[in-house]
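Me: I would like to go through this structure by asking what stands behind each term. Please set the values against the definitions as you reply.

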Amino acid sequence: MAGAITVSTSPMNLKDTTMEEQHTSLEPKGSSFSTIAPEGSPVIVHKGTGIGLFGYEGSPNGMVNGMSSMDPKLQYVNPSMDEFDELVRALKLQMEDGQGEVMMELGTGSGSSNGLTPEEMESSLASLHSVAAACDADMVVLRQKTVEGGQLADCLVRRKVDEDDFLEVRVAVVGNVDAGKSTLLGVLTHGELDNGRGHARQKLFRHKHEIESGRTSSVGCDILGFDKDGKVVNAPDGHGSLDWAHICKVSSKVVTFIDLAGHEKYLKTTIFGMTGHAPDFCMLMIGANAGIIGMTKEHLGLALALNVPVFVVVTKIDMCPPNVLQETMKLLSRILKSPGCRKIPVIVQGQDDVITSATNFSSARVCPIFQVSNVTGLNLDLLTTFLGLLSARMHYNEDKPAEFHIDETYSVPGVGTVVSGTCMQGVISLNDTLLLGPNFLGEFVPVAIRGIHRKRLPVKEVRGGQTASFALKKIRRNLIRKGMVMMHSTANPTPCWEFEGDILVLHHPTTISPKYQAMVHCGSTRQTATIISMDKEHLRTGDKATCLFRFIKNPEYLHSGTRMVFREGRTKAIGNITKVFPYTSGISQSSTTSSQAMKLKPSQIPKMGLSTGRSKGRRGRGTKGHVHQETVVSTNSPDPLVISTTQPSTKQEQIPE
């Protein structure tokens with residue numbers, strides 16, 4: 001059957017087909033692309049019904065309900081009123097599944113009868129335009145082509161948005177140092193080519209030492225806006241800066257670039273950007289002249305470990321000799337085809353390749369490769385078109401209680417404390433009161449939202465999957481840290497000190513045993529944890545085990561099933577959190593002294609394991625003959641927050657005058 005494919009319910013086996021056959025199946029010939037169906041019988045999926053850009057699953061027969069007897073390619077040709085209502089209902093479901101966007105191909109039918117006559121194509125486009133308007137969406141024709149049976153058309157249907165709302169896609173930019181990450185983002189967002197000496201990247205740096213060294217050391221964010229027709233709306237002012245609020249107002253979709261550091265000493269920051277900012281896709285940058293060196297494989301492995309789809313951009317092809325570029329592409333293709341990656345590399349050379357790659361990118365096995373130059377501008381239009389076709393990959397439930405993960409804190413003069421992060425579920429509105437925590441005591445305190453900004457644009461609410469900044473009322477910045485969450489009061493959040501996870505050790509020089517400590521990255525949470533116990537005596541490279549972890553500094557808020565990265569130096573392990581053990585506050589202890597100590601202010605809590613040998617007066621002198629109590633944090637207690645008091649010897653201490 002040429003117009004449809006049978007989707008197997010078993011995992012795909014790369015050994016069944018050669019890479020040449022897999023690459024040929026991706027050529028833009030109007031054929032359907034594969035998705036993985038849930039458990040059950042095989043599903044026939046027809047592209048003529050309009051398949052969501054990221055894996056919309058049709059009805060069991062692959063057609064709109066009530067129209068199964070009709071050839072799929074004719075569904076949009078002069079539909080009746082009942083058929084029109086069915087098409088509207090089906091398109092709404094597809095848009096919900098595609099996060100507000102659907103890629104559709106008109107003219108693909110069952111069997112070998114692909115193609116429509118010019119009259120049928122004109123009628124189908126008009127019907128699709130009417131159906132999209134009924135769904136409060138815009139329709140754009142991406143390309144039209146002629147095949148043996150007639151004409152085919154690829155269309156993009158995108159939900160209309162309000163002036164203060166827009167669709168958002170997050171793309172993490174990684175790669176080795178000097179690969180041209182910041183330079184490419186400067187060229188894409190400002191629309192001005194580079195001079196070959198780093199002129200474009202100067203507009204993106206946040207710190208003085210970054211400008212001096214030319215290397216990114218922090219997590220930077222840049223935006224690229226697209227209107228309803230897919231055209232870039234970024235327009236720098238006379239001073240070369242971008243007005244983010246204006247871009248968001250006139251855009252129907254905004255691509256947020258998360259510019260990460262490439263140097264090895266900033267790997268901790270890079271991992272935090274990949275986990276805490278929840279990117280939908282990862283753009284791996286490779287310098288054509290330098291090749292795959294340094295942290296390139298490290299960043300690729302990180303994206304694969306976090307299950308983030310990857311596409312590759314090879315830069316500096318204007319200054320690279322052809323033989324060096326050819327060797328780089330051969331090595332890149334070999335790495336992507338290796339058993340560790342299992343990707344299908346596709347070199348994008350035209351608009352047809354762009355649309356085909358964007359349509360098949362959802363399978364997470366296709367890896368488009370772009371060859372661009374920031375100096376000459378070669379193939380930058382293909383990359384921009386591809387970015388405009390990407391749709392949000394993750395699904396968020398807006399009906400659940402609100403949950404917001406904090407990844408950055410600020411203190412803005414005249415405003416106060418500001419936090420930024422990602423709304424993972426629910427809806428947060430202006431003047432809402434949320435629970436902020438957990439603090440070092442494992443408590444959640446109520447805070448009020450006094451202002452909301454999305455990409456510097458004031459808004460009244462934030463929904464699941466969107467990034468935003470909140471201005472908070474009556475709370476100091478030093479009481480907030482990265483990794484804290486803001487929850488709705490009905491969620492009843494519970495922090496944890498200990499959690500259980502299944503991990504796979506990717507690399508370790510020797511062996512891992514209980515009491516081993518390393519940094520745990522889980523979402524926006526980033527803290528050192530200790531392995532309390534595990535189901536194996538020792539762990540080496542390639543071993544799997546179930547381990548019990550315990551944070552050493554603060555309790556955190558975690559979800560079971562969340563992806564985690566466990567690293568320390570060159571030691572790397574990945575896994576999933578399988579169980580979270582709720583933390584019981586020390587206030588529930590029977591000790592009255594501990595209960596009173598828990599009520600101390602943060603500034604009055606002594607540091608771990610430290611005690612004051614003697615009390616001092618205003619001038620720093622000890623008090624003669626003074627008998628006092630020491631407040632000590634017990635490190636032997638199973639609960640690190642149990643605070644006890646000890647009575648020292650009653651012997652008076654003689655202090656010389």
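Me: What makes β7-β8-β6-β9-β10-β12-β11 an open sheet, and which strands are its edges?
Reply: In this predicted model, seven strands follow one another in that order with mixed pairing, where two strands pair if DSSP finds at least two bridges between them. The edge strands β7 (220-226) and β11 (344-347) each pair on one side only. Strands here are DSSP runs of E of at least two residues and helices are runs of H or I of at least four residues, both numbered from the N terminus. Residues are numbered from 1 along each chain as its sequence is written. Local features need pLDDT of at least 70 and side-chain atom pairs count only at pLDDT 80 or more, while totals for chains, interfaces and linings use all residues, and side-chain values use heavy atoms, with hydrogens and water left out.

Me: How do you know that β9 and β10 pair?
Reply: Six bridges join β9 (residues 281-287) to β10 (residues 310-315), and the definition asks for at least two, so the strands count as paired. They run parallel, and Leu284 stands opposite Val312 in β10.

Me: Where does helix α11 lie, and at what angle does α11 run to β8?
Reply: Helix α11 (residues 380-389) lies across β7, β8 (253-259), β9, β10 and β12 (366-371), and runs at about 110° to β8. Such angles run from 0 to 180 degrees between N-to-C directions, the axes being lines fitted to C-alpha atoms, for helices over the stretch in contact.

Me: What makes the largest nonpolar core a core, and which of its residues touch the most other members?
Reply: A nonpolar core is a set of buried Ala, Val, Leu, Ile, Met, Phe, Trp, Tyr and Cys residues joined through side-chain atoms within 4.5 Å. The largest has 35 residues, of which Phe257, Met283, Phe311 and Phe370 touch the most other members. Its largest share, six residues, comes from α11. Apart from this core lies another, of 33 residues, among them Val174, Leu302, Met329 and Leu332.

Me: Why is α4 called largely enclosed?
Reply: Ten of the ten residues of α4 are buried, so the helix is largely enclosed by the rest of the structure; buried means under 20% relative accessible area, exposed over 50%, and partly exposed in between (1.4 Å probe, protein chains only). The buried residues include Lys181 and His190, and their cover includes β6, β7, β8, β9, β10 and α11. Gly191, whose phi is positive, near 70°, follows α4.

Me: Why is the pair of Glu168 and Arg454 called a salt bridge?
Reply: Their side chains meet at 3.4 Å, N to O, and a salt bridge is a side-chain nitrogen of Lys or Arg within 4 Å of a carboxyl oxygen of Asp or Glu, so the pair qualifies. Glu168 in strand β6 and Arg454 in strand β17 (residues 445-454) are 286 residues apart.

Me: How do you know whether Glu168 and Arg454 are buried or exposed?
Reply: Glu168 has a relative accessible area of 8% and is therefore buried, and Arg454, at 1%, also counts as buried.

Me: What makes Lys572 and Glu298 partly exposed?
Reply: Lys572 has 22% relative accessibility and Glu298 has 24%, so both fall in the range in between. Their side chains form a salt bridge at 3.5 Å, N to O.

Definitions and conventions. Contact means heavy atoms within 4.5 Å.
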